[in-house]
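This briefing goes through one protein model by topic. Please have the sequence and the coordinates open while reading.

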Amino acid sequence: MGTIILVILLGLAVILCFRAATVKKPALPKASGQALAEIDVNKVAERLSQAVQKKTISHTDLSKIDWAPYQSYVDMLVENYPLVHGTAERELVNDYSMIYHIRGRNSDLKPVLLIGHIDVVPVEKTTEDQWEQPAFDGVIADGFVWGRGTMDMKLHQLSTLEALELLLAEGFTPERDIYLGFGHDEETRGELGAIAIARIFEERGIEFDFILDEGGGVTKGAFSLLTKPMATVGIAEKGITSIRITVEGTGGHASMPPRNTAVGLLSKLIADLERQQFTPRICAPVKEQFERMGAELPFYFRLLTANFWFFGPLFKRLMVKSPVGNAMMRTTTAATMIEGSMAHNVLPPRATAIVNFRLLPGETVPDVVAHIKQVAGSQKVEVESLIGDDPSLISPSDSEGFKRIENTINEVFPGVLVSPYLVMGGTDARRYEKVCQNIYRFSPMVMEQEDLGRIHNVNERISMENIERSVQFFHHLISDL
Ligand SMILES: [Zn+2]
């Protein structure tokens with residue numbers, strides 16, 4: 001009996017090690033030999049600075065928006081990119097969102113769509129004095145363009161136009177049609193921008209070969225065992241919903257309270273939701289990312305990533321220990337707001353809380369509602385979804401489009417590991433699912449861990465090197481089409 005167990009264990013060890021030892025590093029495409037475009041970085045920086053100075057600040061209440069800078073942004077593009085505007089057909093959508101169409105030689109090929117947004121998030125009043133340079137002056141100093149929108153995502157958006165302008169000057173005509181789609185309300189869910197643009201494409205029956213939006217970038221040190229910088233290309237994004245949970249109680253004077261107040265019952269429910277989290281899962285984009293990373297990691301770690309069929313439970317247990325890993329493994333639960341009585345000596349007739357959930361692909365908003373009710377058990381609660389976006393579909397990482405993006409990354413950022421990944425936040429990209437199966441999210445910039453904290457935050461800025469690479473990236477990608 002003992003011998004049989006020993007043989008089985010030995011066999012298992014051989015299989016695990018064999019799988020880990022035979023993981024192939026992704027074959028790097030042959031360098032095209034095509035030199036990267038010469039970019040006049042200072043000129044691009046100046047145009048980016050101009051863009052930052054247009055305060056295209058988003059607000060969920062449209063009546064609070066000053067539309068003049070949006071108009072001025074649209075006009076600025078016409079002025080700064082004359083060849084694009086002389087060649088492409090441009091159409092405005094809801095005044096400030098834009099579609100550009102450049103016709104290619106072969107109308108049988110599916111077109112490609114590059115998307116972006118021109119709006120930015122506001123600057124918190126209380127943080128204004130923490131900025132090393134004012135947020136909307138577009139200061140160019142110390143090798144950076146400073147200001148709100150430089151990273152998210154005016155450089156990315158302008159780079160598509162910069163690259164096209166350069167290519168048109170070289171007499172370029174693309175093989176296939178190229179579309180650009182710029183929304184003006186991405187930060188507030190894209191009703192007027194991305195959603196409207198996608199609807200137009202749908203009505204016209206246009207289907208895209210692939211779509212590229214903002215998303216991952218080239219980061220260093222995201223995973224301590226990985227020495228190479230990693231370029232992450234989003235192939236899916238998590239869903240988001242905020243749920244209002246209401247518990248009814250008995251109002252009245254606080255001098256003779258019932259055993260459980262509405263606040264107490266609601267608090268218990270929130271604590272239960274934190275304890276009874278969604279089951280962790282290794283969804284496809286995360287699995288792919290770790291399998292790709294595995295090739296570059298020490299053997300003992302590859303043993304794990306090459307054998308999820310065996311080590312999956314251990315992997316999940318390790319991952320959920322950190323907030324980042326946890327967010328990759330499950331639909332997360334974050335209680336963000338809570339409200340009871342309006343006075344210190346009055347019992348609340350009802351208590352409400354808002355819990356924000358970020359949904360892993362495969363789960364839906366109704367699943368979250370059902371989960372809350374199941375955790376509440378016999379406790380009577382009212383559950384209402386305030387906003388709800390299901391997770392995106394998962395785009396394949398072996399499509400032609402993905403390969404084109406991957407090739408371009410390898411040319412512009414030599415020596416990086418390119419990997420698919422799951423985007424934690426929301427982008428405009430998901431709005432285009434009816435017109436494209438291959439939707440990718442990548443921002444061509446190198447970011448240190450510290451830079452990631454600047455997005456939607458103080459001291460947002462972009463380096464001259466990133467400005468150059470960003471334009472080179474789109475120049476290479478578009479000329480490859
Ligand atoms: Zn953005």
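Into which domains is the protein chain divided? The chain falls into domain 1 (41-236 + 392-479) and domain 2 (238-389). The model is a predicted one, and the points below take up its domains, its zinc site, its aromatic pairs and some individual residues.

**Domains**

- The centres of domain 1 and domain 2, taken over C-alpha atoms, are separated by 32 Å.
- Contact between the two involves 24 residues of domain 1 and 23 residues of domain 2.

**Zinc site**

- The zinc ion has as protein donors His 117 (NE2), Asp 152 (OD) and Glu 214, the last listed with OE twice.
- These donors lie 1.9 to 2.5 Å from the zinc ion.
- Along the chain, the donors follow the spacing H-x34-D-x61-E.
- Two of the donor residues link distant parts of the chain: His 117 belongs to strand S3 (residues 112-117) and Glu 214 to strand S7 (residues 210-219), 97 residues apart.
- His 117 and Glu 214 are both buried.
- What is the geometry of the site of the zinc ion? The site is irregular, with angles of 54 to 134° among the four donor atoms.
- The lower end of that range explains the label, because four donors count as tetrahedral if all angles lie between 85 and 135 degrees.
- For reference, the ideal angle for four tetrahedral donors is 109.5 degrees.

**Helix H5 and its surroundings**

- Helix H5 (residues 150-169) has 18 of its 20 residues buried, so the rest of the structure largely encloses it.
- Met 153 is found in helix H5, and the peptide bond leading to Met 153 from Asp 152 is cis, with omega near -15°.
- Asp 152 is also one of the protein donors of the zinc ion.
- Gly 171, just after H5, takes a positive phi of about 85°.

**Aromatic pairs and a charge over a ring**

- The count of aromatic pairs comes to 17.
- One of them joins Tyr 70 and Tyr 96, with ring centres 5.8 Å apart and planes at 50°, so the pair is tilted.
- Tyr 70 is part of helix H3 (residues 68-80), while Tyr 96 is in the loop between strand S1 (89-93) and strand S2 (97-102), so the pair ties together parts 26 residues apart in sequence.
- Tyr 70 counts as buried at 0% relative accessibility, and Tyr 96 is buried with a relative accessible area of 12%.
- Phe 413, Phe 442, Phe 473 and Phe 474 are linked into a cluster by ring pairs.
- The charged end of Arg 461 sits over the ring of Phe 144, at 3.7 Å from the ring centre.

**Positive phi outside glycine**

- Arg 189 is a residue other than glycine with a positive phi, near 85°.
- Arg 189 is in the loop between strand S6 (178-183) and helix H6 (194-203), and is partly exposed, with a relative accessible area of 33%.
- His 456, likewise not a glycine, has a positive phi of about 60°.
- The place of His 456 is the loop between helix H14 (449-452) and strand S17 (461-463).
- Is His 456 buried or partly exposed? At a relative accessible area of 41%, His 456 is partly exposed.

**Gln 133**

- Gln 133 is in the loop between S3 and strand S4 (140-141).
- The relative accessible area of Gln 133 is 19%, and the residue is buried, because the class covers values under 20%.
- Which residues is Gln 133 in contact with, leaving aside neighbours within four places in sequence? They are Val 139, Ala 141, Trp 146 and Asn 459.

**Met 293**

- Met 293 is found in helix H8 (residues 284-294) and counts as buried at 1% relative accessibility.
- Not counting residues up to four places away in sequence, Met 293 touches Phe 223, Leu 226, Met 230 and Leu 417.
- Lys 25 is 268 residues from Met 293 in sequence, and the two are 9.0 Å apart in space, C-alpha to C-alpha.

Notes
Residues are numbered from 1 along each chain as its sequence is written. This is a predicted model: local features need pLDDT of at least 70, side-chain atom pairs count only at pLDDT 80 or more; totals for chains, interfaces and linings use all residues. Side-chain values use heavy atoms; hydrogens and water are left out. Donors are N, O and S atoms within 2.8 Å of the metal (3.2 Å for Na, K and Ca); water is not among the atoms, so sites may look incomplete. Four donors count as tetrahedral if all angles lie between 85 and 135 degrees; four count as square planar and six as octahedral if opposite donors are over 155 degrees apart and all others between 65 and 115; anything else is irregular. Helices (H or I, at least four residues) and strands (E, at least two) are DSSP runs, numbered from the N terminus. Buried means under 20% relative accessible area, exposed over 50%, partly exposed in between (1.4 Å probe, protein chains only). Rings of Phe, Tyr and Trp (its six-membered ring) pair if their centres lie within 6.5 Å; planes under 30 degrees apart count as stacked, over 60 as edge-to-face and the rest as tilted. A charge sits over a ring if NZ of Lys or CZ of Arg is within 6 Å of the ring centre and within 35 degrees of the ring normal. Contact means heavy atoms within 4.5 Å. Domain bounds come from an automatic or database domain assignment.
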